[in-house]
Amino acid sequence: MSSSPSSSTTILNSFLIPTIIPISNIVSLKLTPDNYPFWKTQLLHYFRGQDLYGYLDGTLIIPPQMIDTPHPDTGSLT
């Protein structure tokens, strides 16, 4: 069994761009003091479906806002 170079190249060169569905398309009610349980249920399903729930429960670490990278000419971190 050998894999063709073109198929592995295609897999390596393809980028998956996540599509996030807007919350306004999912949640049917705006949050009020009286409807919190229903609203929370809708949002939990949304976050789980978008693979974002780990950021809420702490199982996924939030990536840093800024990443240090070397300057192409000087090599100093920016």
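Biologist: Which elements of the chain have the lowest and the highest mean pLDDT?

Modeller: Helix α1 (residues 5–13) has the lowest mean pLDDT, 45, and α3 has the highest, 92. pLDDT is the predictor's confidence in each residue, on a scale from 0 to 100. The chain average is 77, and 77% of the residues score at least 70. This is a predicted model, in which local features need pLDDT of at least 70 and side-chain atom pairs count only at pLDDT 80 or more, while totals for chains, interfaces and linings use all residues. Residues are numbered from 1 along each chain as its sequence is written, and side-chain values use heavy atoms, with hydrogens and water left out.

Biologist: What does the model show for residues 1–12?

Modeller: Over residues 1–12 pLDDT stays under 50, and the model has 0 contacts (heavy atoms within 4.5 Å) for them beyond four places in sequence.

Biologist: How many helices and strands does the chain have?

Modeller: There are 3 helices and 0 strands, in the order α-α-α along the sequence. Helices (H or I, at least four residues) and strands (E, at least two) are DSSP runs, numbered from the N terminus.

Biologist: Why is the pair of Y36 and W39 called tilted?

Modeller: Rings of Phe, Tyr and Trp (its six-membered ring) pair if their centres lie within 6.5 Å; planes under 30 degrees apart count as stacked, over 60 as edge-to-face and the rest as tilted. The structure holds 2 aromatic pairs. In the pair of Y36 and W39, the centres are 6.2 Å apart and the planes stand at 35°, so the pair is tilted. The two residues are 3 apart in helix α2 (residues 36–49), about one helical turn.

Biologist: What makes the pair of Y46 and F47 edge-to-face?

Modeller: The ring centres of Y46 and F47 are 5.3 Å apart and the planes meet at 70°, which therefore counts as edge-to-face.

Biologist: How do you know whether Y36, W39 and Q42 are buried or exposed?

Modeller: Buried means under 20% relative accessible area, exposed over 50% and partly exposed in between (1.4 Å probe, protein chains only). Y36, at 43%, is therefore partly exposed, and W39, at 22%, is also partly exposed. Q42, at 15%, counts as buried. Both Y46 and F47 are buried as well. Buried residues make up 10% of the 78 residues in the chain.

Biologist: Which residues does Q42 touch?

Modeller: Q42, found in helix α2, touches I26, V27, S28 and L29, leaving aside residues up to four places away in sequence.

Biologist: What makes R48 lie over the face of Y53?

Modeller: A charge sits over a ring if NZ of Lys or CZ of Arg is within 6 Å of the ring centre and within 35 degrees of the ring normal. R48 lies over the face of Y53 at 4.4 Å from the ring centre.

Biologist: Why does D51 count as exposed, and what is notable about its phi?

Modeller: D51 has 63% relative accessibility and therefore counts as exposed. Most residues other than glycine have a negative phi. D51 is not a glycine, yet its phi is positive, about 55°. D51 is placed in the loop between α2 and α3 (53–57). D51 and I20 are 31 residues apart in sequence and 9.8 Å apart in space, C-alpha to C-alpha.
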